[in-house]
Amino acid sequence: MSPSIEEPTVEIRGPGTLSRIVDVDALRAVALLFILIVNIAYFASGYSFQLIPDPAHDSWSDHSVRWLVEMFLAMKAYLLFSFLFGYSFTLQLDSAARRGVDFAPRFRRRLAGLFVLGILHAVLLFQGDILTTYALLGLVLLAMRRVSVGTALRTAVLVTCGIGFVLALAATAGTQLVTDPATALAAGQRSTEALQGGLGSVIAEHVRQLPAMFGALLVQGPLALSAFLFGYAAGRRRLLTNVAGNRQLLRRVQRVGYPVGLAGGVIFASGGGTANLTGVTAGVLTAPLLAAAYAATLLQFFQTDRGRRVVAVLAPAGRMSLSNYLGQSVLCVLVFTGVGLGLAGTVAPPVVVLIAVAIYGVQVALSAAWMARFRYGPMEWLLRAWTEQQWPRLRAAGPA
(Lines give C-alpha, C1' and ligand atoms only; values in the text may rest on other atoms or scores of the structure.)
Protein backbone atom coordinates (compact mmCIF):
# COMPACT_ATOMS: atom_id res chain seq x y z
CA MET A 1 0.00 0.00 0.00
CA SER A 2 2.84 2.29 -0.49
CA PRO A 3 5.41 3.75 -2.88
CA SER A 4 8.92 3.14 -4.10
CA ILE A 5 10.99 5.44 -1.92
CA GLU A 6 14.18 6.26 -3.77
CA GLU A 7 16.92 8.81 -4.05
CA PRO A 8 16.65 10.82 -7.27
CA THR A 9 18.33 8.88 -10.05
CA VAL A 10 20.49 11.80 -11.17
CA GLU A 11 23.78 9.92 -10.96
CA ILE A 12 23.53 8.58 -14.53
CA ARG A 13 25.14 10.72 -17.20
CA GLY A 14 25.12 10.57 -20.97
CA PRO A 15 23.26 11.78 -24.05
CA GLY A 16 19.53 11.89 -23.50
CA THR A 17 19.84 10.66 -19.93
CA LEU A 18 17.99 13.55 -18.32
CA SER A 19 14.74 12.79 -20.17
CA ARG A 20 15.02 9.13 -19.27
CA ILE A 21 15.46 9.92 -15.58
CA VAL A 22 12.47 12.23 -15.72
CA ASP A 23 10.46 9.42 -17.33
CA VAL A 24 11.14 7.21 -14.32
CA ASP A 25 10.14 10.05 -11.99
CA ALA A 26 6.91 10.52 -13.95
CA LEU A 27 6.19 6.81 -13.81
CA ARG A 28 6.60 6.92 -10.05
CA ALA A 29 4.25 9.91 -9.91
CA VAL A 30 1.54 7.99 -11.81
CA ALA A 31 1.94 5.13 -9.34
CA LEU A 32 1.40 7.67 -6.54
CA LEU A 33 -2.05 8.43 -7.95
CA PHE A 34 -2.87 4.73 -8.31
CA ILE A 35 -1.86 3.94 -4.75
CA LEU A 36 -3.83 6.89 -3.36
CA ILE A 37 -7.01 5.78 -5.12
CA VAL A 38 -6.60 2.33 -3.55
CA ASN A 39 -5.57 3.48 -0.08
CA ILE A 40 -8.08 6.28 0.40
CA ALA A 41 -10.92 3.78 0.86
CA TYR A 42 -9.26 2.67 4.11
CA PHE A 43 -9.40 6.23 5.43
CA ALA A 44 -12.96 6.81 4.22
CA SER A 45 -14.52 3.86 6.07
CA GLY A 46 -13.59 1.41 8.82
CA TYR A 47 -15.30 -1.40 6.92
CA SER A 48 -12.50 -1.68 4.35
CA PHE A 49 -10.09 -3.22 6.84
CA GLN A 50 -12.76 -5.80 7.65
CA LEU A 51 -12.79 -6.82 3.96
CA ILE A 52 -16.44 -5.89 3.50
CA PRO A 53 -18.14 -2.90 1.81
CA ASP A 54 -19.69 -0.16 3.91
CA PRO A 55 -23.44 -1.00 4.02
CA ALA A 56 -24.25 2.72 4.08
CA HIS A 57 -23.06 2.94 0.48
CA ASP A 58 -24.86 0.19 -1.38
CA SER A 59 -25.95 1.81 -4.65
CA TRP A 60 -25.09 0.62 -8.13
CA SER A 61 -22.59 3.45 -8.56
CA ASP A 62 -20.93 2.63 -5.21
CA HIS A 63 -20.48 -1.02 -6.17
CA SER A 64 -19.30 -0.07 -9.67
CA VAL A 65 -16.57 2.25 -8.41
CA ARG A 66 -15.33 -0.32 -5.89
CA TRP A 67 -15.34 -2.99 -8.60
CA LEU A 68 -13.39 -0.82 -11.05
CA VAL A 69 -10.76 0.10 -8.45
CA GLU A 70 -10.31 -3.55 -7.53
CA MET A 71 -10.10 -4.64 -11.14
CA PHE A 72 -7.68 -2.03 -12.45
CA LEU A 73 -5.64 -0.85 -9.44
CA ALA A 74 -5.87 -3.04 -6.33
CA MET A 75 -2.78 -5.29 -6.05
CA LYS A 76 -1.26 -3.53 -9.08
CA ALA A 77 -0.38 -0.05 -7.84
CA TYR A 78 2.06 -1.07 -5.10
CA LEU A 79 3.71 -3.58 -7.45
CA LEU A 80 4.59 -0.72 -9.80
CA PHE A 81 6.15 1.15 -6.87
CA SER A 82 8.03 -1.96 -5.79
CA PHE A 83 9.35 -2.51 -9.31
CA LEU A 84 10.72 1.04 -9.32
CA PHE A 85 12.31 0.46 -5.90
CA GLY A 86 14.27 -2.46 -7.34
CA TYR A 87 15.14 -0.54 -10.51
CA SER A 88 16.44 2.50 -8.63
CA PHE A 89 18.41 0.22 -6.31
CA THR A 90 20.66 -0.72 -9.24
CA LEU A 91 21.20 2.94 -10.12
CA GLN A 92 22.22 3.68 -6.53
CA LEU A 93 24.61 0.71 -6.62
CA ASP A 94 26.27 2.01 -9.77
CA SER A 95 26.46 5.54 -8.42
CA ALA A 96 28.18 4.35 -5.23
CA ALA A 97 30.65 2.29 -7.27
CA ARG A 98 31.58 5.28 -9.46
CA ARG A 99 32.12 7.48 -6.40
CA GLY A 100 34.04 4.78 -4.52
CA VAL A 101 31.49 4.79 -1.69
CA ASP A 102 30.81 1.73 0.49
CA PHE A 103 27.20 1.20 -0.49
CA ALA A 104 26.01 -1.43 2.01
CA PRO A 105 26.34 0.59 5.27
CA ARG A 106 24.63 3.61 3.71
CA PHE A 107 21.79 1.53 2.34
CA ARG A 108 21.28 -0.23 5.67
CA ARG A 109 21.05 3.16 7.41
CA ARG A 110 18.55 4.24 4.77
CA LEU A 111 16.45 1.14 5.41
CA ALA A 112 16.60 1.73 9.17
CA GLY A 113 15.30 5.24 8.58
CA LEU A 114 12.48 3.91 6.40
CA PHE A 115 11.59 1.38 9.08
CA VAL A 116 11.25 4.05 11.78
CA LEU A 117 9.21 6.27 9.47
CA GLY A 118 7.00 3.29 8.66
CA ILE A 119 6.31 2.54 12.32
CA LEU A 120 5.38 6.16 12.98
CA HIS A 121 3.25 6.25 9.85
CA ALA A 122 1.39 3.06 10.79
CA VAL A 123 0.61 4.25 14.32
CA LEU A 124 -0.13 7.91 13.71
CA LEU A 125 -1.57 8.04 10.20
CA PHE A 126 -2.25 4.79 8.34
CA GLN A 127 -2.02 1.23 9.60
CA GLY A 128 -1.75 0.03 5.99
CA ASP A 129 1.83 1.33 5.81
CA ILE A 130 4.32 -0.60 3.70
CA LEU A 131 7.51 1.34 4.47
CA THR A 132 8.42 -1.13 7.22
CA THR A 133 7.98 -4.00 4.75
CA TYR A 134 10.14 -2.21 2.20
CA ALA A 135 12.81 -1.70 4.86
CA LEU A 136 12.91 -5.39 5.76
CA LEU A 137 12.73 -6.63 2.16
CA GLY A 138 15.42 -4.14 1.23
CA LEU A 139 17.83 -6.19 3.33
CA VAL A 140 17.04 -9.20 1.14
CA LEU A 141 17.62 -7.12 -1.99
CA LEU A 142 20.93 -5.90 -0.57
CA ALA A 143 22.03 -9.47 0.10
CA MET A 144 21.18 -10.37 -3.52
CA ARG A 145 22.92 -7.37 -5.08
CA ARG A 146 25.49 -9.51 -6.88
CA VAL A 147 23.15 -12.13 -8.37
CA SER A 148 22.76 -12.39 -12.12
CA VAL A 149 19.76 -11.09 -14.02
CA GLY A 150 18.66 -14.65 -14.71
CA THR A 151 18.81 -15.60 -11.04
CA ALA A 152 16.81 -12.52 -10.06
CA LEU A 153 14.12 -13.29 -12.64
CA ARG A 154 13.87 -16.96 -11.70
CA THR A 155 13.63 -16.11 -8.01
CA ALA A 156 10.91 -13.54 -8.69
CA VAL A 157 8.85 -16.01 -10.70
CA LEU A 158 9.29 -18.76 -8.10
CA VAL A 159 8.24 -16.47 -5.24
CA THR A 160 5.14 -15.31 -7.14
CA CYS A 161 4.13 -18.81 -8.16
CA GLY A 162 4.87 -20.12 -4.68
CA ILE A 163 2.58 -17.68 -2.91
CA GLY A 164 -0.06 -18.28 -5.58
CA PHE A 165 0.19 -22.04 -5.03
CA VAL A 166 -0.20 -21.69 -1.25
CA LEU A 167 -3.23 -19.45 -1.68
CA ALA A 168 -4.77 -21.83 -4.21
CA LEU A 169 -4.41 -24.71 -1.75
CA ALA A 170 -6.06 -22.63 0.97
CA ALA A 171 -8.91 -21.70 -1.39
CA THR A 172 -9.39 -25.33 -2.40
CA ALA A 173 -9.55 -26.30 1.26
CA GLY A 174 -12.43 -23.85 1.71
CA THR A 175 -10.59 -21.31 3.84
CA GLN A 176 -12.65 -18.14 4.33
CA LEU A 177 -11.13 -14.72 4.94
CA VAL A 178 -14.43 -13.37 6.31
CA THR A 179 -15.70 -16.19 8.48
CA ASP A 180 -18.59 -14.32 10.09
CA PRO A 181 -20.11 -11.42 8.08
CA ALA A 182 -22.16 -10.22 11.07
CA THR A 183 -19.04 -9.94 13.22
CA ALA A 184 -17.23 -8.16 10.40
CA LEU A 185 -20.08 -5.67 10.04
CA ALA A 186 -20.01 -4.93 13.76
CA ALA A 187 -16.23 -4.51 13.68
CA GLY A 188 -16.52 -2.19 10.68
CA GLN A 189 -19.01 -0.02 12.52
CA ARG A 190 -16.76 0.20 15.58
CA SER A 191 -13.78 1.03 13.40
CA THR A 192 -15.66 3.78 11.55
CA GLU A 193 -16.79 5.32 14.83
CA ALA A 194 -13.22 5.21 16.12
CA LEU A 195 -11.98 7.03 13.01
CA GLN A 196 -14.60 9.71 13.59
CA GLY A 197 -13.09 10.37 17.03
CA GLY A 198 -10.14 12.51 18.03
CA LEU A 199 -6.42 11.81 17.70
CA GLY A 200 -6.31 9.35 20.61
CA SER A 201 -9.21 7.35 19.19
CA VAL A 202 -7.63 7.24 15.73
CA ILE A 203 -4.25 6.10 17.04
CA ALA A 204 -5.86 3.44 19.24
CA GLU A 205 -7.75 2.12 16.21
CA HIS A 206 -4.56 2.00 14.14
CA VAL A 207 -2.78 0.02 16.85
CA ARG A 208 -5.74 -2.34 17.20
CA GLN A 209 -5.71 -3.08 13.48
CA LEU A 210 -1.96 -3.73 13.20
CA PRO A 211 -2.13 -7.52 13.84
CA ALA A 212 -4.57 -7.90 10.94
CA MET A 213 -2.16 -5.96 8.72
CA PHE A 214 0.64 -8.38 9.55
CA GLY A 215 -1.50 -11.15 8.05
CA ALA A 216 -2.07 -9.16 4.86
CA LEU A 217 1.67 -8.61 4.52
CA LEU A 218 2.21 -12.37 4.31
CA VAL A 219 0.88 -12.01 0.76
CA GLN A 220 1.89 -8.43 0.00
CA GLY A 221 5.47 -8.86 1.21
CA PRO A 222 6.51 -11.75 -1.09
CA LEU A 223 4.87 -10.03 -4.06
CA ALA A 224 6.74 -6.82 -3.29
CA LEU A 225 9.99 -8.79 -3.13
CA SER A 226 9.24 -10.32 -6.52
CA ALA A 227 8.63 -6.85 -7.94
CA PHE A 228 11.92 -5.67 -6.37
CA LEU A 229 13.72 -8.44 -8.22
CA PHE A 230 11.99 -7.74 -11.52
CA GLY A 231 13.02 -4.11 -11.09
CA TYR A 232 16.56 -5.17 -10.23
CA ALA A 233 16.74 -7.23 -13.44
CA ALA A 234 15.34 -4.34 -15.49
CA GLY A 235 17.84 -1.98 -13.91
CA ARG A 236 20.76 -4.25 -14.69
CA ARG A 237 19.65 -4.25 -18.33
CA ARG A 238 18.85 -0.49 -18.22
CA LEU A 239 15.44 -1.29 -19.66
CA LEU A 240 13.86 2.05 -18.75
CA THR A 241 16.74 4.16 -20.04
CA ASN A 242 16.41 2.84 -23.60
CA VAL A 243 12.70 2.77 -24.34
CA ALA A 244 13.19 3.08 -28.09
CA GLY A 245 15.65 0.18 -28.16
CA ASN A 246 13.32 -2.01 -26.10
CA ARG A 247 10.09 -1.13 -27.88
CA GLN A 248 9.55 -4.68 -29.10
CA LEU A 249 9.93 -6.08 -25.59
CA LEU A 250 7.57 -3.46 -24.20
CA ARG A 251 4.95 -4.32 -26.81
CA ARG A 252 5.24 -8.01 -25.96
CA VAL A 253 4.67 -7.11 -22.31
CA GLN A 254 1.51 -5.26 -23.37
CA ARG A 255 0.26 -8.12 -25.56
CA VAL A 256 0.59 -10.59 -22.70
CA GLY A 257 0.00 -8.34 -19.70
CA TYR A 258 -3.28 -6.78 -20.73
CA PRO A 259 -5.35 -9.86 -21.62
CA VAL A 260 -3.99 -12.01 -18.80
CA GLY A 261 -3.89 -9.21 -16.24
CA LEU A 262 -7.36 -7.89 -17.03
CA ALA A 263 -8.82 -11.40 -16.95
CA GLY A 264 -7.29 -11.88 -13.51
CA GLY A 265 -8.57 -8.46 -12.48
CA VAL A 266 -12.12 -9.46 -13.44
CA ILE A 267 -11.85 -12.64 -11.34
CA PHE A 268 -10.39 -10.68 -8.44
CA ALA A 269 -12.99 -7.91 -8.50
CA SER A 270 -15.96 -10.19 -9.18
CA GLY A 271 -14.97 -12.47 -6.33
CA GLY A 272 -15.12 -9.67 -3.79
CA GLY A 273 -11.53 -8.45 -4.00
CA THR A 274 -9.34 -9.22 -1.02
CA ALA A 275 -12.22 -10.96 0.78
CA ASN A 276 -12.10 -14.03 -1.48
CA LEU A 277 -9.11 -16.37 -1.63
CA THR A 278 -9.85 -17.54 -5.16
CA GLY A 279 -9.88 -13.95 -6.34
CA VAL A 280 -6.74 -13.13 -4.37
CA THR A 281 -5.00 -16.11 -5.96
CA ALA A 282 -5.94 -14.87 -9.42
CA GLY A 283 -4.72 -11.42 -8.44
CA VAL A 284 -1.38 -12.67 -7.17
CA LEU A 285 -0.69 -14.56 -10.39
CA THR A 286 -1.87 -11.90 -12.84
CA ALA A 287 -1.49 -8.49 -11.17
CA PRO A 288 2.27 -8.34 -11.91
CA LEU A 289 1.54 -8.75 -15.61
CA LEU A 290 -1.04 -5.96 -15.63
CA ALA A 291 1.25 -3.65 -13.66
CA ALA A 292 4.02 -4.38 -16.18
CA ALA A 293 1.66 -3.60 -19.06
CA TYR A 294 0.77 -0.27 -17.45
CA ALA A 295 4.47 0.60 -17.14
CA ALA A 296 5.18 -0.41 -20.74
CA THR A 297 2.31 1.72 -22.01
CA LEU A 298 3.25 4.78 -19.96
CA LEU A 299 6.92 4.60 -20.94
CA GLN A 300 6.03 4.54 -24.63
CA PHE A 301 3.50 7.35 -24.19
CA PHE A 302 6.15 9.45 -22.46
CA GLN A 303 8.19 9.41 -25.68
CA THR A 304 5.49 11.30 -27.60
CA ASP A 305 5.14 15.09 -27.76
CA ARG A 306 2.07 15.04 -25.54
CA GLY A 307 3.78 12.56 -23.25
CA ARG A 308 6.77 14.88 -22.79
CA ARG A 309 4.40 17.60 -21.57
CA VAL A 310 2.79 15.17 -19.13
CA VAL A 311 6.22 14.10 -17.90
CA ALA A 312 7.20 17.71 -17.22
CA VAL A 313 4.11 18.14 -15.03
CA LEU A 314 4.36 14.86 -13.13
CA ALA A 315 8.09 14.33 -12.63
CA PRO A 316 8.50 16.68 -9.62
CA ALA A 317 5.89 14.67 -7.69
CA GLY A 318 7.80 11.48 -8.45
CA ARG A 319 11.07 12.99 -7.26
CA MET A 320 9.59 13.53 -3.79
CA SER A 321 7.51 10.34 -3.59
CA LEU A 322 8.24 9.72 0.11
CA SER A 323 7.03 13.18 1.06
CA ASN A 324 3.96 12.81 -1.13
CA TYR A 325 3.13 9.34 0.16
CA LEU A 326 3.23 10.52 3.77
CA GLY A 327 1.49 13.75 2.77
CA GLN A 328 -1.38 11.76 1.27
CA SER A 329 -1.92 10.10 4.62
CA VAL A 330 -1.83 13.43 6.46
CA LEU A 331 -4.42 14.93 4.12
CA CYS A 332 -6.65 11.87 4.28
CA VAL A 333 -6.53 11.93 8.10
CA LEU A 334 -7.54 15.59 8.04
CA VAL A 335 -10.41 14.94 5.63
CA PHE A 336 -11.86 11.71 7.00
CA THR A 337 -11.04 11.37 10.71
CA GLY A 338 -12.20 13.36 13.70
CA VAL A 339 -8.80 15.05 13.77
CA GLY A 340 -10.15 17.12 10.88
CA LEU A 341 -13.48 17.08 9.05
CA GLY A 342 -14.58 13.68 10.39
CA LEU A 343 -16.11 12.44 7.12
CA ALA A 344 -15.36 8.74 7.70
CA GLY A 345 -18.38 6.64 6.80
CA THR A 346 -20.30 9.54 5.25
CA VAL A 347 -18.77 9.79 1.77
CA ALA A 348 -19.80 7.49 -1.10
CA PRO A 349 -17.08 5.71 -3.12
CA PRO A 350 -17.45 7.88 -6.28
CA VAL A 351 -16.87 11.01 -4.19
CA VAL A 352 -14.01 9.34 -2.33
CA VAL A 353 -12.25 8.78 -5.67
CA LEU A 354 -12.84 12.42 -6.64
CA ILE A 355 -11.29 13.48 -3.33
CA ALA A 356 -8.26 11.31 -4.12
CA VAL A 357 -7.87 13.00 -7.50
CA ALA A 358 -8.18 16.44 -5.87
CA ILE A 359 -5.53 15.58 -3.26
CA TYR A 360 -3.25 14.34 -6.02
CA GLY A 361 -3.74 17.50 -8.04
CA VAL A 362 -2.76 19.61 -5.04
CA GLN A 363 0.33 17.48 -4.51
CA VAL A 364 1.41 17.75 -8.14
CA ALA A 365 1.16 21.55 -7.98
CA LEU A 366 2.95 21.78 -4.62
CA SER A 367 5.66 19.38 -5.78
CA ALA A 368 6.42 21.52 -8.83
CA ALA A 369 6.70 24.63 -6.66
CA TRP A 370 8.86 22.87 -4.07
CA MET A 371 11.26 21.20 -6.52
CA ALA A 372 11.76 24.49 -8.35
CA ARG A 373 13.39 25.79 -5.16
CA PHE A 374 14.86 22.74 -3.44
CA ARG A 375 16.98 19.73 -4.35
CA TYR A 376 14.96 17.19 -2.34
CA GLY A 377 11.51 16.78 -0.90
CA PRO A 378 11.39 17.49 2.85
CA MET A 379 11.21 13.84 3.93
CA GLU A 380 13.76 12.81 1.29
CA TRP A 381 16.10 15.43 2.71
CA LEU A 382 15.70 14.14 6.26
CA LEU A 383 16.19 10.53 5.16
CA ARG A 384 19.28 11.49 3.17
CA ALA A 385 20.69 13.37 6.17
CA TRP A 386 20.26 10.26 8.32
CA THR A 387 21.74 8.05 5.60
CA GLU A 388 24.82 10.22 5.05
CA GLN A 389 25.14 11.28 8.70
CA GLN A 390 25.40 14.93 7.65
CA TRP A 391 23.05 17.70 6.56
CA PRO A 392 22.94 17.85 2.76
CA ARG A 393 22.32 21.16 1.01
CA LEU A 394 18.56 21.54 0.57
CA ARG A 395 18.11 24.67 -1.51
CA ALA A 396 18.62 24.29 -5.25
CA ALA A 397 21.47 26.22 -6.84
CA GLY A 398 20.40 29.59 -8.16
CA PRO A 399 21.02 30.81 -11.70
CA ALA A 400 24.67 31.42 -12.59
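**Exercise 1. Find where Gly-215 sits in this predicted model, and decide whether it is buried, partly exposed or exposed.**

Start with the secondary structure: Gly-215 lies in helix 8. Next, take its relative accessible area, which is 38%. Buried would need a value under 20%, and exposed a value over 50%. Gly-215 is therefore partly exposed. To finish, look at how this glycine relates to Asp-94. Along the chain the two are 121 residues apart, and their C-alpha atoms are separated by 36 Å.

**Exercise 2. Work out what lines the second largest pocket, and which helix gives the largest share.**

Begin with the volume: the second largest pocket holds about 830 Å³ of space. Its lining is made of 32 residues, and the closest to the centre are Phe-83, Phe-230, Val-253, Pro-288 and Ala-292.

Now ask which helices contribute. At least two lining residues each come from helix 3 (77–99), helix 6 (149–172), helix 8 (199–236), helix 9 (247–270) and helix 10 (277–301). Helix 10 gives the largest share, with eight residues.

Last, sort the lining by character. You should get 26 nonpolar residues, four polar ones and two charged ones.

**Exercise 3. Describe how helix 12 packs on helix 13.**

Two numbers do most of the work here: the angle between the axes and the distance between them describe a packed pair of helices. For helix 12 (residues 321–336) and helix 13 (residues 349–371), the angle is about 135° and the axes are 11 Å apart.

Then name the arrangement. Roughly antiparallel needs an angle over 145 degrees, and roughly perpendicular runs from 65 to 115. With its angle of about 135°, helix 12 is therefore oblique to helix 13. Add the handedness to complete the description: this crossing is right-handed.

**Exercise 4. Take Leu-114, Tyr-376 and Pro-350 in turn: is each buried or partly exposed, and which distant partner goes with it?**

Leu-114 is in helix 4 (residues 103–124). Its relative accessibility is 0%, so Leu-114 counts as buried. Its partner is Leu-383: they are 269 residues apart along the chain, yet their C-alpha atoms are separated by 7.7 Å.

Tyr-376 belongs to the loop between helix 13 and helix 14. At 8% relative accessibility, Tyr-376 is buried too. Pair this tyrosine with Arg-395, 19 residues away along the chain, and the C-alpha separation comes out at 8.2 Å.

Pro-350 takes you back to helix 13. Here the relative accessible area is 25%, so Pro-350 is partly exposed. The partner is His-63, 287 residues away in sequence but 9.4 Å away in space, C-alpha to C-alpha.

**Exercise 5. Look at the backbone of Met-75 and Gln-389: what is the sign of phi, and where does each residue sit?**

Check Met-75 to begin with. Although this residue is not a glycine, its phi is positive, at about 70°. You'll find Met-75 in the loop between helix 2 (60–72) and helix 3. Its relative accessibility is 12%, so Met-75 counts as buried.

Move on to Gln-389. This residue is not a glycine either, and its phi is positive, at about 60°. Gln-389 sits in the segment after helix 14 (378–388).

How values were computed:
Residues numbered from 1 in each chain as written. Predicted model: local features only at pLDDT ≥ 70, side-chain atom pairs only at ≥ 80, totals over all residues. Heavy atoms only, no water. 1 Å grid on protein atoms, 1.4 Å probe; cavity = no way out; pocket = protein on both sides within 12 Å on 5 of 7 lines; lining within 4 Å. Points joined across faces, edges and corners; volume = space filled by probe spheres on them. Helix = DSSP H or I, 4+ residues; strand = E, 2+ residues; numbered from the N terminus. Nonpolar A, V, L, I, M, F, W, Y, C, P; charged D, E, K, R; others polar. Buried < 20%, exposed > 50% of the residue type's maximum accessible area, 1.4 Å probe, protein only. Axes fitted to C-alpha atoms, helices over the stretch in contact; angles between N-to-C directions. Parallel < 35°, antiparallel > 145°, perpendicular 65-115°, else oblique. Left-handed = near helix turned anticlockwise from the far one by under 90°.
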